[in-house]
Each structure stands twice: as C-alpha cells, then as structure tokens.
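The questions below go through a structure, from its contacts to its charged side chains. Each answer closes on the item asked for.

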Amino acid sequence: MAAPARSLDLRRSLDRGVVADRARWFAETFGILVIAGALILAFSATSSVFLVSGNVRNIFVQISVIGVAAIGETLVMLAGGLDLSVGSVVLLSEVICADLTATHHLSIGVALLAALGAAGGIGLLNGVLTAVVGIEPILATLGTLLVAAGLAKLILGLRYLQVDHPVFN
C-alpha cells in the first residue's frame with residue numbers, strides 16, 4: 001500500500017510542476033498584456049473620456065518619443081552595452097529642434113536635420129569613447145549624459161519655448 005501512495009504523491013508533484021511551468025510561461029508571455037488590459041479597464045471605468053479618440057491619440061503621441069528611444073536602447077542592450085545618455089540626447093534633440101523653429105524661425109526640415117545631427121554626434125562620441133578609447137560603456141555614456149544635458153541647458157537657458165507648428169500639434 002505504501003508503493004501506490006508514493007506513486008500518487010510523485011504524480012501529484014509532477015502535475016504541480018507542470019502546472020507551475022505552464023503558469024510561468026503564461027505569465028512571461030502574456031503578463032504585460034494582462035496588466036495593460038487591466039489598466040485600460042480601470043482607467044476607462046473611472047473616466048468617461050479615457051477611451052475617446054482624441055485622448056487615445058494624445059497618449060500615442062506622448063509615448064512615441066519614448067518608444068523610439070526604447071527601441072534604440074533595446075538594440076544597445078542586445079549588443080551587450082548600456083547607454084545611460086538616451087534621455088539627455090532626446091532632450092538635446094528636442095531643445096535644438098524647438099529653438100531653431102521657434103527662436104530662429106528656420107524650417108522644420110532644417111531643425112530636424114540639426115537635431116538628428118546632434119543626436120548622431122553624441123552617438124558617435126559614445127562609440128569613439130567605448131570602441132576606440134576603451135572606456136567602459138556605462139562610464140562613457142554617463143559622461144555624454146552630462147554633456148548632452150549641459151548643452152541643452154546652455155541652449156535653453158531659463159526660456160520657455162513654445163513651438164507653433166502643425167507638425168507638433
């Protein structure tokens with residue numbers, strides 16, 4: 001009688017292991033979607049304007065810059081690096097673009113090219129510091145984080161820039 005009881009206990013523990021493995025796979029695969037769905041349900045239940053098309057568009061516009069930066073950071077991390085300067089480079093690019101369009105009245109194309117050039121220059125500096133000079137990526141990007149943030153503060157000063165261009169509305 002002891003042998004069938006042991007066999008039953010072994011089968012139950014194997015079943016629990018299979019269930020735990022399946023639950024872990026489901027959580028790893030669909031966990032973020034379940035959380036996002038729960039948040040959407042909660043916000044739409046508490047606000048009548050959350051799922052209005054204008055609000056959804058506004059949310060997508062606001063997360064687009066972060067999404068593009070996150071894609072770039074993901075590629076860096078997949079290559080085994082770490083880039084701390086992403087946020088400051090985005091800030092510098094935005095300040096350059098806003099300053100050139102609002103203060104200097106240049107076209108949006110020129111402003112975007114200047115912003116991309118500045119971001120590319122910071123990226124090139126990161127690459128040279130890590131690949132050629134041999135500085136650890138975390139230290140090199142920490143330094144360029146400070147450089148990009150300092151340049152943005154130098155350009156912006158204490159001004160508040162408002163860009164009245166249909167591209168940004």
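Q: In this predicted model, what share of the contacts with a separation of 6 or more comes from residues 24 or more positions apart?
A: The model is predicted, and a contact here means heavy atoms within 4.5 Å. Among the contacts in the protein with a separation of 6 or more, residues 24 or more positions apart account for 56%.

Q: Which pattern does the protein follow along the sequence?
A: The secondary structure comes to 5 helices and 0 strands. Read along the sequence, the pattern is α-α-α-α-α.

Q: Is the protein compact or spread out, judged by its radius of gyration?
A: The globule rule gives 15 Å for 169 residues. The radius of gyration of the protein is 25 Å, well over that value, so the protein is more spread out than a compact globule. The C-alpha trace spans about 90 × 55 × 25 Å along its principal axes. Against the globule rule, then, the protein is spread out.

Q: What percentage of the residues in the protein is buried?
A: Buried means under 20% relative accessible area. The protein exposes about 12,000 Å², with carbon and sulfur atoms supplying 72% of that area. Of the 169 residues, the buried ones make up 17%.

Q: How far apart do the centres of the positive and negative side chains lie?
A: The protein has 9 positive and 10 negative side chains. The centres of these two sets are separated by 15 Å.

Q: How many salt bridges does the count come to?
A: Side chains of opposite charge can pair when their charged atoms come close. The rule asks for a side-chain nitrogen of Lys or Arg within 4 Å of a carboxyl oxygen of Asp or Glu. Asp21 with Arg24 is one such pair, and Asp99 with Arg159 is another. The count comes to 2.

Q: Which residue forms a salt bridge with Asp21?
A: The closest N and O atoms of the pair are 3.0 Å apart. Asp21 and its partner are 3 residues apart in helix H1 (residues 2-46), and therefore separated by about one helical turn. Asp21 is partly exposed at 46% relative accessible area, and the partner is partly exposed at 45%. That partner is Arg24.

Q: Is Asp99, which forms a salt bridge with Arg159, buried or exposed?
A: In this pair the closest N and O atoms are 3.0 Å apart. The pair links distant parts of the chain, 60 residues apart: Asp99 lies in helix H3 (residues 86-102) and Arg159 in the segment after helix H5 (137-156). Arg159 has 35% relative accessibility and counts as partly exposed. Asp99 has 9% and counts as buried.

Conventions: Residues are numbered from 1 along each chain as its sequence is written. This is a predicted model: local features need pLDDT of at least 70, side-chain atom pairs count only at pLDDT 80 or more; totals for chains, interfaces and linings use all residues. Side-chain values use heavy atoms; hydrogens and water are left out. Helices (H or I, at least four residues) and strands (E, at least two) are DSSP runs, numbered from the N terminus. Buried means under 20% relative accessible area, exposed over 50%, partly exposed in between (1.4 Å probe, protein chains only). The radius of gyration is taken over C-alpha atoms; the globule rule is 2.2 Å times the number of residues to the power 0.38. Accessible areas come from the Shrake-Rupley method with a 1.4 Å probe; for residues, only the protein chains shown count as cover. Lys and Arg count as positive and Asp and Glu as negative; His and the chain ends are not counted. The place of a charge is taken as NZ of Lys, CZ of Arg, CG of Asp or CD of Glu.
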